[in-house]
Amino acid sequence: MKLLKIAAAAATGLALLAGTAQADDKPVVGLIMKSLANEFFQNMMAGAQAHEEKRGDYKLLAVGMQNETDFESQINAVENFITQGVDAIVVAPADSRAMVRPLKKAMEAGIVVVNFDVALDAEAKKQQNIELAFVGPDNRGGAKLAGDALGKKLGAGGKVVIIEGNPGADNANERRLGFEDSVAEFELELLDSRTAHWETEEANTVFSNMLTAHPDIQGVMAANDSMAIGVVKALESAGRDDIIVVGFDNIPAVSPMISDGRMLATVDQFGTDMAANSIDLALEVVKGGPQLEGWVKTPIELVVAN
Amino acid sequence: MTTQVLSETMPNATRFSVRTALQNAGIGLALLALILFFSVFTEHFLTPNNITNILTQITINLVLAVGMTFVILIGGIDLSVGSVMAFAAVVAGKAITLPGFGPAEAIALAVVAATLTGVACGMINGVISAYWALPSFIITLGMLNIARGAALQVSEAQTIYSFPYAFEEFGSAMIYGVPVVFLVALLLVLVAWFVLNFTVFGRLLYGIGNNEEAVRLAGHSVYWYKVAAFTICGFTAGIAAIVYMARLNISSPIAGIGFELNAIAAVIIGGTSLSGGRGSVIGTLLGAFIIGVLANGLILIGLSDFMRQMITGVVIIVAVVLDHYRAKYASK
C-alpha cells in the first residue's frame, strides 16, 4: 500500500517532468492542492489517486505546495497545466484573490475549472468578470456545529476561548466566525481568542497562558485538531478535567481523545473525498454536462463519542 | 608554546570572566525588570502554576539555544534546528510505536533514534560547511529543507501518536513544581558552561570565533572543532525532539517551524556575538527566559497576537543594539 503510494507519487512527478499530459485519449485533470505537509491535503491527494485508479477513465496530474502561503507555486502550476493542455483544473486556492487571474486565463484556454476547498473571492471574480462555482464544505457552518455542541453542554453564560488558525487564512477566518456564531447563539462569554498557527506545541503554550489569565475557562474551541491536542495536553498538565474541548478535521490522533472524553467533539469534512468529488464534477462538465453554478456544498459531520 | 599563541589570539581571555559576568548581570537586570513589570500589571504572573508553565514553555527553546550557542560562538549559524527537531521527532515517533517492544525498550529506542538523527544532521552540516569553508548560513538552510522534507516523507505527513504511558509521565513529571524536562535543559546548560569555560575544547571554540587562522597556525585542527560544534547543535535538536514528544505525546512533521529563529534570538539576546568568539551559555539561559517571560506575560496582560509579535521583534533589535554598545565599551 505504502509502496503503491510512493510509486503513484513518483509516476505523477515523472509525468509532470516529462510534460506529456496526453498519453492517450483519456481526459487529463490537473489537481492543485495546498501544502502537502498538511495531513488534510496529504489524505486528499491519496483519496484522489485512489479515485483515479478506481475510475480509470481519466488521467490525474497532482501538485501541492511547499507551505500554506506559497501561492506563487500554485500560479505556476496553473500556467504549466495550461501549457500542457489539460482538460480540467481542479484547484484548492491558497489565496482567494491571487488565483483568480491565472484561473481566468485557464478558462479562456477552454479548460474546465473547478474551485474547491476554499472559495475564490467574490469581489475579485467580479472584477475579472468570471463566473465560477465553488465546491466545498461550509467551514463556518462546520465550526458552528462544533461550537453548538459546546454551547449546548455549557449553557448560557459559559466561558469559552477560541484557538485560531493562521491569521489571514480563509478557512481560519471562517472557522473563527463559525465559533463566534455559536458564542452569540448560546450567549456564551468569549474570554479570549488567539492564534496558535494550526500547531500543537504553540497551542499548548498559548492555551496554558490563557488558562493562567482566565482560570475560570469552561470551554475551548480549537480551529483544528492538532491545536486541540495541544490544549488537551495543557489541561492534563494543569490537572483540569472540567474544561470541555472541541476541534475540527477529525484526524486519527484525536479519536482516542473523543472516545475517552478528553475531547467533546470534532468536525469531519471528508477531505479524502473532497478532491475526488470535485474531479467527478469536473469530468461531468468536460463530457458536455452543464456548467456548475453557485456553491456546491460538500458534506460535513459532527463527530462525538458513541 | 600552544598556550602562549592561544592567549595572544584571545586577548580577552583574562578579562573574560569579569566581562561576561558584567554582561550577564545586565541581561539579568533586564529579565528582572520584565518580571517586575508583569508581576505588577498582571494578577497571575508570579503564581507557582504560572512559573511552572514558563519553565515548561521555555524548555524546547532553551535546549535548542544551548546547541546554537556553540555554533554561533565559532562564527557560524544553524538554521536547520527546527526542521531537524521535527525530523528527529518523527523518526523517534516511528521507533516508539514499533510493535513488539515493551514500554522501556520502546522509549530507549526512541531516545537513541532522536539523538542519532540529530547528531547525523548536525554532523553533515558541520562537515560540509567546514570542509569546503562554505557559509553555514546556506548549508544549514539546505538542511532545513532536507530535514523538513525527510520528516514529511517518513511520517507521510501524518501525526504520529499513542506513545507508552511512562513517556507521558516523564513529560509532565515535576520535582517541587519544577518540570523534569526543564531540569534536563538546565543540566545541558551546566554541562555546556563547563565545557566552554574549563576545557581546552571550549576555549578553542572561542578562539576559532575570534581568530580562526591563529588557532590553525597554533597547530589545532579547526576542521574537527567546527564539525564538533555543529554536531553538538544537532544533538540538542535531538534532545529537543524528545522533550517535544514527551510533553505533547505526539510527533508532528510540521513541528518546530521557525524554532531556529527563536533559538538564535535567545542566544543573541543573551549577549553572544553573531560574529563569534564572544558570549556565554549562561547568557543564553537568560535570553531564553526573556523570550519566554515576554511571550507568557504579554498574553496574561491580554495584548493581541499581532502586538505581541511586534514587541518580541523590538526586544530582539534593542538587545542587539545594546550589545553593540557593550562590545564598544568592553574593547576600550
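**Exercise 1.** Determine how many salt bridges link chain B and chain A, and place them in the interface.

*Solution.* Under the criterion that a side-chain nitrogen of Lys or Arg lies within 4 Å of a carboxyl oxygen of Asp or Glu, the count between chain B and chain A is 3 salt bridges. One of these joins the side chains of B:E168 and A:K233, with 3.7 Å from N to O. On the side of chain B that touches chain A, α3 (48–73), α10 (222–248), α12 (281–301) and α13 (305–331) each supply at least two residues, and the largest share, 5 residues, belongs to α12(B). The model is predicted, so local features need pLDDT of at least 70 and side-chain atom pairs count only at pLDDT 80 or more, whereas totals for chains, interfaces and linings use all residues. Residues are numbered from 1 along each chain as its sequence is written, chains are lettered from A in the order in which they are written, and side-chain values use heavy atoms, with hydrogens and water left out.

**Exercise 2.** Describe the geometry and exposure of the aromatic pair B:Y223 and B:W224.

*Solution.* Rings of Phe, Tyr and Trp (its six-membered ring) pair if their centres lie within 6.5 Å, and planes under 30 degrees apart count as stacked, over 60 as edge-to-face and the rest as tilted; the count over all chains comes to 13 aromatic pairs. B:Y223 and B:W224 are edge-to-face, at 5.0 Å centre to centre and 75° between the planes. With buried meaning under 20% relative accessible area, exposed over 50% and partly exposed in between (1.4 Å probe, protein chains only), B:Y223 is partly exposed because its value is 23%, while B:W224 is exposed because its value is 54%.

Methods. Helix = DSSP H or I, 4+ residues; strand = E, 2+ residues; numbered from the N terminus.
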